Amino acid sequence: MGIVAAMRCPECGQTLIGVAESSPCPECGTPSTLAERHVPPLLPTWKLVVGMAWPTAVGVAMVLSIIWILNSAVDGAAFFVALGAIVMLLVIGPIKAAVWVHVLMGRLPRRVRAAPLLALIPRSIAVPLLVAAAVAVLNAALGFGACLVTLSVAVRR
Ligand SMILES: [Zn+2]
């Protein structure tokens, strides 16, 4: 069974299957080309999860690796690994999450994306920013947890 491409009005989201390219949307009257009516396919879930979660995984792994670096590596290496972990958890992670959410929101009709969420900020900007803030808080908590694990192991030795 082949997958039938979804056709919808890029402005309001109304299904436009059977509506000629020359005819405007029966719901909102906006004209659109066949290319504009095509809804981009949804990405596989694993791709989304990996795409959003890898900076968190790398950051936590870096914090945990400090246990071994302190014992073996050259002076100052632990500092740079810690710095890298902070950048990964609080900069790269939130930015990546915001970009993915922005990509996902591209599937929404323009009318939904442009609707203001917080005062005058359109949803297409406000939602990725909120997600980035949430990821930053989550990553800070996970990084702090990894620090506690690292400290408890270091103290025990
Ligand atoms: Zn429409």
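These are my notebook entries on the domains and the helix packing of one predicted model.

**Entry 1: ground rules.** I number residues from 1 along each chain, as its sequence is written. Since the model is predicted, I accept local features at pLDDT of at least 70 and side-chain atom pairs only at pLDDT 80 or more, while totals for chains, interfaces and linings use all residues.

**Entry 2: confidence.** I looked up pLDDT, the predictor's confidence in each residue, from 0 to 100. The chain has a mean pLDDT of 88, and 96% of its residues reach 70 or more. Among the elements, which are DSSP runs numbered from the N terminus (helices H or I, at least four residues; strands E, at least two), helix H3 (residues 77–105) has the highest mean, 93, and strand S1 (residues 116–118) the lowest, 76.

**Entry 3: domains.** The domain assignment, automatic or from a database, gives domain 1 (1–39) and domain 2 (43–156). Their centres, taken over C-alpha atoms, are separated by 37 Å. I found seven residues of domain 1 in contact with five residues of domain 2, where contact requires C-beta atoms, placed from the backbone, within 7 Å. The domain 1 side of this contact divides into four nonpolar, one polar and two charged residues (nonpolar: Ala, Val, Leu, Ile, Met, Phe, Trp, Tyr, Cys and Pro; charged: Asp, Glu, Lys and Arg; polar: the others, Gly among them).

**Entry 4: H2 with H5.** The axes of H2 (residues 45–72) and H5 (residues 123–156) come within 9 Å and cross at roughly 15°; axes are lines fitted to C-alpha atoms, for helices over the stretch in contact, and angles run from 0 to 180 degrees between N-to-C directions. H2 and H5 are therefore roughly parallel (under 35 degrees; over 145 is roughly antiparallel, 65 to 115 roughly perpendicular, and the rest oblique). Val 60, Val 63 and Leu 64 are among the H2 residues that meet H5, whose partners include Leu 142, Gly 143 and Ala 146. The residues of this contact divide into 12 nonpolar, five polar and no charged.

**Entry 5: H3 with its neighbours.** H2 and H3 pack at about 170° with axes 9 Å apart, which means that H2 is roughly antiparallel to H3. Their contact has 19 nonpolar, six polar and one charged residues. H3 and H5 pack at about 150° with axes 8 Å apart, so H3 is roughly antiparallel to H5. Leu 89, Gly 93 and Ala 97 are among the H3 residues that meet H5, where Val 131, Val 135 and Asn 139 are included. This contact has 17 nonpolar, five polar and no charged residues.

Notes: Two residues are in contact if their C-beta atoms, placed from the backbone, lie within 7 Å.
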